Amino acid sequence: MLMRTKKSLIKMNVIKRLSASYVRKSKMQQRCQSNRRPIAPLGSRILTDPTKVFEHNMWDHMQWSQEEEERAREKATENSLVRVQPEDQDKYEREASKYWNEFYKTHKNNFFKDRNWLFLEFPEILPKGRKDQMNKEEKSSYPVKLNATNSCTNVGFPGMFEEGKDYCQNNLVDDLTSVQGHSYNKNQAEPVAENKHVKNCEQETVKQESFPGSSATYRILEVGCGAGNSAFPILKVICNTPGAFLYCCDFASGAVELVKSHLSYNSAWCSAFVHDVCDDSLPYPFPDEIQDVILLVFVLSAIHPDRMQGVVSRLAKLLKPGGMLLFRDYGRYDTSQLRFKKGRCLSENFYVRGDGTRVYFFTEDEVHNMFTLAGLVEVQNLVDRRLQVNRKKKVKMQRVWIQD
């Protein structure tokens, strides 16, 4: 009888948590209805006059016509007709780390640009106090250009080659309903940080164990850190944030060595380590349920589709109650997908590049299903469509990213 009562209380508590989550989700969706322009930080450079398309490098919130959607679908179908031979597919899977190590050996840290847009796209990376402080500092030091409707003008874009992004600083907000895309743990009823007793007990438990960052009070894990193009912009901020600690991992040992050899690397607030997230048997250098934020940006697409769910489910266990997983990756029919030649397709929407690295192109529904099956509550799921142009060559490219 006591067991049933306890289960009922737990069930009621879970229902309360989920209903609160979906209230937030509903508010988020209202901000991005099809008949309204989404507000910054996704940008607000809208192409209203097609004759001026080559006046800027990037246009935001592009709407595709049915004809454009159909042409993109036909191109993807066409370049998928000839598949990579099964024995070669096995080789690309088996030797995935080798190809990425060769990539970083060739390009070192010169291929991708630093993702300085992260804090504006995902302000929840930082603890609230530091986020407020950074917001004030940026407001006072960064020139803001407003258009006629007082919305932000955005320059650049995040994507495969990470050409960066300059967003208006006066649009950073703290309310969870403002987050451009993240998921958080279902165990959250109220933010853990607001319950000092729970937080203190958690810190005491963690301190009993010895591991890098064991004394930290706010932890961030970046999965697939590469050469540190996300890690170092984050470190630049958290080195002035008491109690903050960054973990970053990659299964390419060459990439981790690039991070560790960087002048900005400091083990006092960062731990870089080699880790294959596809191998469930490998332990992390810290216990489960201690991460406040997990960053998964342009990483999941490099993993075989059959392994993605297992990776997401394992990462979800690393989050503390109320923790957030921030995701951004390639969307279906992005220009880079349509440019693949026949014979580069491994499986549906999964391709291998000339250097042996692989890439998958997601839909909103696929991302939603993966994260909800992992026990996370979706706060927002966006398709970010932009028009990138090469003004010199007069070339237009439709870019598509998923942010969740």
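Buried means a relative accessible area under 20%, exposed means over 50%, and partly exposed lies in between, with a 1.4 Å probe and protein chains only. The structure is a predicted model, in which local features need pLDDT of at least 70, side-chain atom pairs count only at pLDDT 80 or more, and totals for chains, interfaces and linings use all residues. Residues are numbered from 1 along each chain as its sequence is written, and side-chain values use heavy atoms, with hydrogens and water left out.

**Exercise 1. Covered elements**

State how many residues of strand β9 and of helix α8 are buried.

Solution. Helices (H or I, at least four residues) and strands (E, at least two) are DSSP runs, numbered from the N terminus. The chain contains twelve helices and 15 strands. Strand β9 covers residues 319–330, and ten of its twelve residues are buried. Helix α8 covers residues 231–238, with seven of its eight residues buried. The buried residues of α8 are Ala231, Phe232, Pro233, Ile234, Leu235, Val237 and Ile238. For the chain as a whole, 48% of the 404 residues count as buried.

**Exercise 2. Partners of β8 and β14**

Find the strands that pair with β8 and β14, and give the sense of each pairing.

Solution. Two strands pair if DSSP finds at least two bridges between them. Start with β8: six bridges join this strand to β9, and the two run parallel. Within this pair, Ile294 has Leu325 of β9 as its bridge partner.

Next take β14, residues 382–390, which pairs with β1 (residues 58–59) in the antiparallel sense over two bridges. Here Met58 stands opposite Gln388 in β14. Strand β14 also pairs with β15 (residues 395–403), in the antiparallel sense and over nine bridges. In that pairing Val383 stands opposite Ile402 of β15. The hairpin of β14 and β15 has four residues between the strands, and Lys394 takes a positive phi near 60° there.

**Exercise 3. A three-stranded sheet**

Work out which strands stand at the edges of the sheet β10-β11-β12.

Solution. The three strands form an open sheet in the order β10-β11-β12, with antiparallel pairing. β10 (345–347) and β12 (358–360) each have a single partner strand, so these two are the edges and one side of each has no neighbour in the sheet. From one strand to the next, the twist averages 30°. β10 and β11 (residues 350–352) are joined in the antiparallel sense by two bridges. Cys345 has Tyr351 in β11 as its bridge partner.

**Exercise 4. Two helices that cross**

Describe how helix α10 crosses helix α12.

Solution. Two packed helices are described by the angle between their axes and the distance between the axes. Axes are lines fitted to C-alpha atoms, for helices over the stretch in contact, and angles run from 0 to 180 degrees between N-to-C directions. The axes of α10 (residues 305–318) and α12 (residues 364–373) come within 8 Å and cross at roughly 45°. That makes α10 oblique to α12, since angles under 35 degrees count as roughly parallel, over 145 as roughly antiparallel, 65 to 115 as roughly perpendicular and the rest as oblique.

Now list the residues, where contact means heavy atoms within 4.5 Å. From α10 come Met308, Gln309 and Val312, and from α12 come Asn369, Met370, Phe371 and Leu373. Of these residues of the α10 and α12 contact, five are nonpolar, two polar and none charged. Ala, Val, Leu, Ile, Met, Phe, Trp, Tyr, Cys and Pro count as nonpolar, Asp, Glu, Lys and Arg as charged, and the others, Gly among them, as polar.

**Exercise 5. Positive phi in loops**

Locate Phe298 and Asn349, and say whether each is buried or exposed.

Solution. Most residues other than glycine have a negative phi. Phe298, which is not a glycine, has a positive phi of about 50°. Phe298 lies in the loop between β8 (291–297) and α10, and is buried at a relative accessible area of 14%. Asn349 has a positive phi near 65°. Asn349 sits in the loop between β10 and β11 and counts as buried at 8% relative accessibility.

**Exercise 6. Surroundings of Trp100**

Identify the residues in contact with Trp100, leaving aside its neighbours within four places in sequence.

Solution. Trp100 is part of helix α4 (residues 96–107) and counts as buried at 14% relative accessibility. The contacts are with Phe251, Ala252, Ala302, Arg353 and Thr357. Asp355 is 255 residues from Trp100 in sequence, while their C-alpha atoms are 8.6 Å apart.
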